[in-house]
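Q: Please take a close look at the disulfides of this model. Which cysteines do they join, and how are the links placed and turned?

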Amino acid sequence: MLRIIVHHGLAFDVTISDLPQRPFFTRVARLLSRAGYARRTANACYRKFNLLYISLQIFDLLGGELPPHYDRLVEVRNAARAEMAVRMEAENQMDMAGQQGIQQCLQERYPGHGPECEIWGLVRELRASEGVPVILVRFWGQKQHSTVPFELNAGHSVLSRDMETDNWKKRFVIRVLLVLLLLLVLLTCSVCKKHSINCTTEVDPLPLSHEFSQPGGLVVGGIASQVFLVHETHSFETQPAQMLINEPISEPKNYQHILALAFAIKEINESPHILPNITLGVRILNSYYNAKMTNKATLSLLSTQQQFVPNYKCAIFKNLTAVIGGLDSETSVNMATITANYKVPQLTYGSFSPAQSDETQFSFLYQMVPKEAYQYMGVIRLLRHFNWTWIGLLAVDDDRGDRFLQTVVPLLSQNDICFAFTLRLPKLTYLNDLTDSVLRQAEMSLVAFDNKATVCFVYAEHPSQFILRLLLFLAPLISFPPVHKVWIVTSQWDFESLSVQRTWDIESFHGTISFAVHSNQPPGFQKFLQAINPSWAKRDGFIQNFWEQAFSCSLKVSSIHGDSKNTCTGEEKLETLPGIFFEMSMTGHSYNIYNAVYAAAHALQAVYLSRSNQRRLLKGEQLVLRNLQPWQLHRFLRNITFNNSAGDTMHFNENGELRAGFDVTNWITFPNGSFTRVKIGRLDPWAPPGKELTIDDNKIVWHRTFNQVVPLSVCSENCSPGYIRKKKEGEKFCCYDCVPCPEGMISEKKDMDTCIKCPQDHYSNNYQNHCVPKDTSFLSYKEPIGITLATLAISFSLATVLVFGTFVKHRDSPIVKANNQSLTYILLISLVYCFLSSLLFIGQPGKVTCLLRQMTFGVIFSVAISTVLAKTITVVLAFMATKPGSRMRLIIGKRLPYSVVLSCSLVQVGICVLWLSTSPPFPDMDMLSRNEEIILECNEGSAAVFYCVLGYMGFLAIVSFIVAFLARKLPDTFNEAKFITFSMLLFCSVWLSFIPTYLSTKGKSMVAVEIFSILVSGAGLLVCIFTPKIYIIVLKPELNNRELFKKRKNENTN
């Protein structure tokens, strides 16, 4: 039993049985850390020396002779002593002053008062009291207040000077400790003899047969995905078989990944500019596309070569600096869960999309491929570029496929794209289940591939490529129609084929568009590939499966008669293989591996330069990186920036992602099974929004069935401008009918969801796709109706003037004098102005014309009707005055008619003044009445006052009509009552019909109706009242004499 006593009385007991669990000095260091141990020194060598010194003293306490199973600990002890001897002199010089100050402080009761006590240092004292080994660790630091030194009491822990313990308690504790120590020593020896653990392990029950390795001072590890195993379905009743087939299945194309890593290591070792005098080694294992084997391979990288002892380094120390892998997300995540515990840098060369973006878990992971979200954004841009809104989605039926659909489906909806179907491809698990799964999905696949969606977006994680090709291969056998689609695939798709797929047709993938990882061609790589043969490397465990399955031959001489495989000559050339098996140009994934190796090498170079600048060693430069720990590489790896041999600049962003883009490539297949890639664009995730994707449409080669015309992939035909989309009930929003826009609304673009209303001064054209400015409309003198009405107004005015002139000329004739000559003149003059007032309604409305238009018409017509009323009243009163004893003679006089005219006219003038003072008319534009015109009109201001004006005129006309009707049979030779009755009847009829007609018309028609009413009513007065008189004056002058007038009067009296 060991007791470790630390500052402030903290103590930990360690039994000897604990020692084999891990190196003892590590155990001590962890215990000290738990107790609050914190070294305050920047000198790494001094810190390491203290740790080794403590370990050495502990070994001495064990009694010198160690049990056999502690042989390794003896080696460590010897190494510690050797290193201690080398550094002892340096430590003595560094701690000389500190040791003297401590000794002085220990002799004093209250140390800390002198400057010699304020020191840095570490005092190590080893005392064995009553058979109990005790390690006393005292820590000293700078103190601003006096401290109390600790004293060592025999058989006890370190106690403060103020603590006092009773003697009987001390003796009791000592006796108990002695008994426990004796029991523990006996138990430890017994356990050690029975359970001897050393580093020579038994045969690994699950060996990794595929390994590529090269020795070196610093080792770069790798996890490739070049071989996979297909097992039987476990029945849980018998021992599961290891393999269903006789040999592993190799993916020949992925062998280039291994060669790219080896090529990069070769270039670095041969370069004098990076890591001089340091040889990089490499060790590559296989993931087998299996989580269990991936974890095993990762732990094997952290263990000793040829042995599998996790957490132990039992053979010659291998300095693993970084791990490169894996090809897909699942492999990378499985690796990261292990490498993160050891803080080993991991550089993934395939797409990485973990289920949860835990920055803590993946803080030591670096992505050589930008995250998958950028690829999804590029696919969306591509779909929008070609207006593909109806597509199919294909993904493996596992968690990765679920995450893909959960991410992509919302993105499609946000960009007005629908998915016609989702096809979940079965997982590649057990061979006897695979065929059944494919056949079960045949019916679903038939429905999906028969869909009118021409474009299919494939999430190309392994094994979707193999399953999709298997479905297309089985298509003729299960009555599949020919599948001719535009395949859009992610960067994981590399068109690799297995040996069994050698004769499978790839014509269905002609014209495929893929977002490939950006790649370039490092100089010398093709020459390196040309030199590859089965014996090019001694420790290449991959080449046999690759060579045999790629060239369909056997590297072993078969003794079995009738073996169908030919013997490989070893002279086969990689350049003779078709592209589906191997490419001579560096692929995107290989380019990522190449850059990952150089990133790790440049980070090591940065560490090398940093340490070389801090110290100058006398025993060679290789010692600078001898004790490098993997976690020390992260600070340099995150900030690394370099140009590779292909001329590309490499650096990571703050999230550990390589700042790179994607190449948009077009795959062109040929009947012989070969293909070529054509770069048609680029996806730059860091470009300005909307400019991330650049595409050269002229370079794209479509599938032969499309006749080099851009394929159409929509659920419904595009709605032309002038139509809008109307969603079909029960279907997705991409399926719709096209409905024309209503009048006055337009749609200027294709596939609009809503129509746009034109501005008020515009109207929609006949196609409903453009707004046209409206024309202004008003009754002008240039229009036929305007010319006609103006001509009539002037004609009636001239006719009235002619009548007025005739009456003036014959003013002394009896017929002119018979009916109040002055009122006749007033009536004719007012009629002239009535006809002329209609001209104010013609022409573009202005402020003045709008003010005068209705006012002039109302006042002048009121004067005319008032005059007619006055004439009628005069006739009635004159007849009444002729009766004997009538008092009407007192009333009748020249003032009565004028009073009637003036009073009736002033009422209308008052109404018009009220109109002008409250809400006068003003010019206005009516944009709503006509779709294609803007009507320029006079807004009446107050419709109520306008109708009051018309109502007052109607009132005067009705009164005149009634009075004239009552006086129509009065005995008078030139009685005008009959004619006035007809004129007022016509007047009232015209204006009564005017009101509904006026209200039912708009624009210039409404104005024309009012002008027509003015002209007709004025003409009615002129014709009905003055035509008989003009007839007598002009055509029958013999009737116009006084004698005849008296004779007729007497006849009427009798």
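A: What follows describes three of the disulfides in turn, with the burial of their cysteines.

The model is a predicted one. With a disulfide taken as a pair of cysteine sulfur atoms within 2.5 Å, the count comes to seven disulfides. Three of them are treated here, beginning with the link of C418 and C734.

C418 and C734 form a disulfide in which the sulfur atoms lie 2.1 Å apart. The torsion about their S-S bond is about 90 degrees, so this disulfide is right-handed. The pair connects distant parts of the chain, 316 residues apart: C418 belongs to strand β15 (residues 418–425), whereas C734 sits in the loop between β26 (723–727) and β27 (736–740). Because buried means under 20% relative accessible area, C418 counts as buried at 3%. C734 is likewise buried, with a relative accessibility of 4%.

The loop between β26 and β27 also holds C735, which is linked to C715 in the loop between β25 (693–695) and β26. These two cysteines form a disulfide with their sulfur atoms 1.9 Å apart. The torsion about the S-S bond is 100 degrees, and the link of C715 and C735 is right-handed. The partners are 20 residues apart, and the pair is described as linking distant parts of the chain. C715 is buried, with a relative accessible area of 10%; C735 is buried as well, at 2%.

The third link joins C719 to C738, with an S to S distance of 1.9 Å. Here the torsion about the S-S bond is about -95 degrees, so the disulfide of C719 and C738 is left-handed. C719 lies in the loop between β25 and β26, while C738 is part of strand β27. The two cysteines are 19 residues apart, and they too link distant parts of the chain. Their surroundings can be described separately. C719 is buried, with a relative accessible area of 0%. C738, by contrast, is partly exposed, with a relative accessible area of 36%. That value places C738 in the partly exposed class because buried requires under 20% and exposed over 50%.

Taken together, these links involve the loop between β25 and β26 through C715 and through C719. The loop between β26 and β27 takes part through C734 and through C735. As to handedness, the link of C418 and C734 is right-handed, as is that of C715 and C735, whereas the link of C719 and C738 is left-handed.

Definitions and conventions:
Residues numbered from 1 in each chain as written. Predicted model: local features only at pLDDT ≥ 70, side-chain atom pairs only at ≥ 80, totals over all residues. Heavy atoms only, no water. Helix = DSSP H or I, 4+ residues; strand = E, 2+ residues; numbered from the N terminus. Buried < 20%, exposed > 50% of the residue type's maximum accessible area, 1.4 Å probe, protein only.
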